[in-house]
Amino acid sequence: GDHCKNLEAGKVRLFNEWCVKHGIIAPSVEYPVAYGPNGELVGLRAKKDIGLCETYLYIPVNLTINEE
């Protein structure tokens with residue numbers, strides 16, 4: 001119901017605020033976007049055509065998991 005939608009909206013807002021705070025830049029994509037017959041799948045959508053080798057999501061290296 002509405003309670004679940006409000007919880008999800010709050011999670012999305014907090015996640016997007018966290019991304020901004022930590023320097024994640026995503027100028028070419030929109031989040032969240034609902035997919036599936038009932039909108040049950042959540043993902044990203046391109047805001048524009050993204051070219052070959054064009055960066056669409058910038059994540060600072062300190063937020064990545066790597067072997068170093």
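A salt bridge is a side-chain nitrogen of Lys or Arg within 4 Å of a carboxyl oxygen of Asp or Glu. In this predicted model, the count by that rule comes to three salt bridges. One of them joins the side chains of Glu30 and Arg45, with an N to O distance of 3.2 Å. The briefing also covers a nonpolar surface patch of about 480 Å² and the buried residue Ser28.

**Salt bridge between strands**

- Glu30 belongs to strand β1 and Arg45 to strand β2, so their salt bridge ties together parts that are 15 residues apart in sequence.
- Glu30 is partly exposed, at 33% relative accessibility.
- Its partner Arg45 is also partly exposed, at 39%.

**Salt bridge within helix α1**

- Arg13 and Glu17 meet through their side chains in a salt bridge of 3.2 Å, N to O.
- The two residues are four apart in helix α1 and are therefore separated by about one helical turn.
- Arg13 has a relative accessibility of 46% and counts as partly exposed.
- Glu17 is likewise partly exposed, with a value of 42%.

**Salt bridge between Lys48 and Glu54**

- The closest N and O atoms of the salt bridge between Lys48 and Glu54 are 2.5 Å apart.
- Lys48 is partly exposed, its relative accessible area being 40%.
- For Glu54 the relative accessible area is 31%, and this residue is partly exposed.

**Ser28 and its surroundings**

- Ser28 is placed in the loop between α1 and β1, the strand that spans 29-35.
- With a relative accessibility of 4%, Ser28 counts as buried, because buried means under 20%.
- Beyond its neighbours within four places in sequence, Ser28 is in contact with Arg45, Ala46, Lys47, Lys48, Ile50, Glu54 and Tyr56.
- Among these contacts are Lys48 and Glu54, which form a salt bridge with each other.
- Arg45 is another of the residues in contact with Ser28, and the side chain of Arg45 meets that of Glu30 in a salt bridge.

**Nonpolar surface patch**

- Phe15, Trp18, Tyr31, Val42 and Leu44 make up the nonpolar patch on the surface.
- Helix α1 (2-21) and strand β2 (41-46) each supply at least two residues of this patch.
- Phe15, one of the patch residues, is found in helix α1.
- The relative accessible area of Phe15 is 42%, and the residue is partly exposed; this value satisfies the patch criterion, because patches are made of residues with over 30% relative accessible area and no salt bridge.

Technical notes:
Residues numbered from 1 in each chain as written. Predicted model: local features only at pLDDT ≥ 70, side-chain atom pairs only at ≥ 80, totals over all residues. Heavy atoms only, no water. Patch = residues over 30% accessible without salt bridge, like charges linked within 9 Å, V, L, I, M, F, W, Y side chains within 5 Å. Areas by Shrake-Rupley, 256 points an atom, 1.4 Å probe, with all protein chains shown as cover. Buried < 20%, exposed > 50% of the residue type's maximum accessible area, 1.4 Å probe, protein only. Contact = heavy atoms within 4.5 Å.
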